[in-house]
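Open your viewer, get the sequence panel ready, and come along for a short walk. Each stop tells you what to select and what you will find there.

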Amino acid sequence: MSEARIDEAIGRIENALRRMDAARAANPPAPAPDDTHSEEEAANSARVMALVNSHEKLREEVADTLRELDGVIAELEE
């Protein structure tokens, strides 16, 4: 993979991470449901938590991939 393609891929990943952070900031998790919340609110909260968990898992996978790319780049530079 050429250096330009690697730089382009890293740029796309960094842009995606910024978009995920912005979306997370714009949609903070709902408070935990209690006895005064409706079933619909509880279901919405569960969906939001599932999305937050999915987001965190994706961030971890992207971070792992970036570390792998760094390793590949380091090998190519040797």
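The tour below starts with the whole chain and then visits a few side chains.

**Stop 1: the whole chain**

Before you zoom in, keep in mind that this is a predicted model. Show the cartoon, and you will find 2 helices and 0 strands in the protein. The helices to colour are α1 (3-26) and α2 (39-77).

Now switch on the surface. The protein's accessible surface comes to about 6200 Å², and carbon and sulfur atoms account for 53% of this. What share of the 78 residues is buried? Buried residues make up 15%.

**Stop 2: a negative patch**

Select E3, D7, E75, E77 and E78, which together form a negative surface patch. Which helices contribute to the patch? Both α1 and α2 supply at least two of its residues each.

Click on E3 while you are here. E3 sits in helix α1, and it counts as exposed because its relative accessibility is 61%, above the 50% cut-off.

**Stop 3: a bridge within α1**

Next come the salt bridges, of which there are 4. Begin with R12 and E8: these two form a salt bridge whose closest N and O atoms are 3.0 Å apart. Both residues belong to helix α1, and their spacing of 4 residues is about one turn of the helix.

**Stop 4: a bridge between the helices**

Now select D21 and R59. Their side chains meet in a salt bridge, at 2.9 Å from N to O. This pair links distant parts of the chain, with D21 in helix α1 and R59 in helix α2, 38 residues apart.

Are these two partners buried, partly exposed or exposed? D21 counts as partly exposed, since its relative accessibility is 36%. R59 is also partly exposed, with a relative accessible area of 26%.

**Stop 5: H55 and what it touches**

Keep D21 on screen and add H55, a residue of helix α2. With a relative accessibility of 12%, H55 counts as buried, because the limit for that class is under 20%. Which residues does H55 touch, apart from those up to four places away in sequence? The answer is M20, D21 and R24, so show those side chains too.

**Stop 6: R24, seen from the other side**

Move your selection to R24, which is found in helix α1. R24 is partly exposed, as its relative accessibility is 38%. Leaving out neighbours within four places in sequence, the contacts of R24 are H55 and E56.

For a distance to check in your viewer, draw a line from the C-alpha of R24 to the C-alpha of V52: the two are 8.0 Å apart in space and 28 residues apart in sequence.

**Stop 7: a bridge within α2**

Finish with D64 and R67. A salt bridge joins their side chains, with 2.3 Å from N to O. Why are these two separated by about one helical turn? They are 3 residues apart in helix α2.

Colour the pair by accessibility before you leave. D64 is partly exposed, with a relative accessible area of 38%, whereas R67 counts as exposed at 52% relative accessibility.

**A view to save**

For a last picture, show D21 with R59, the salt bridge that links helix α1 to helix α2, and add H55 with its contacts M20, D21 and R24.

Terms used
Residues numbered from 1 in each chain as written. Predicted model: local features only at pLDDT ≥ 70, side-chain atom pairs only at ≥ 80, totals over all residues. Heavy atoms only, no water. Patch = residues over 30% accessible without salt bridge, like charges linked within 9 Å, V, L, I, M, F, W, Y side chains within 5 Å. Areas by Shrake-Rupley, 256 points an atom, 1.4 Å probe, with all protein chains shown as cover. Lys, Arg positive; Asp, Glu negative; His and termini not counted. Charge placed at Lys NZ, Arg CZ, Asp CG, Glu CD. Buried < 20%, exposed > 50% of the residue type's maximum accessible area, 1.4 Å probe, protein only. Contact = heavy atoms within 4.5 Å.
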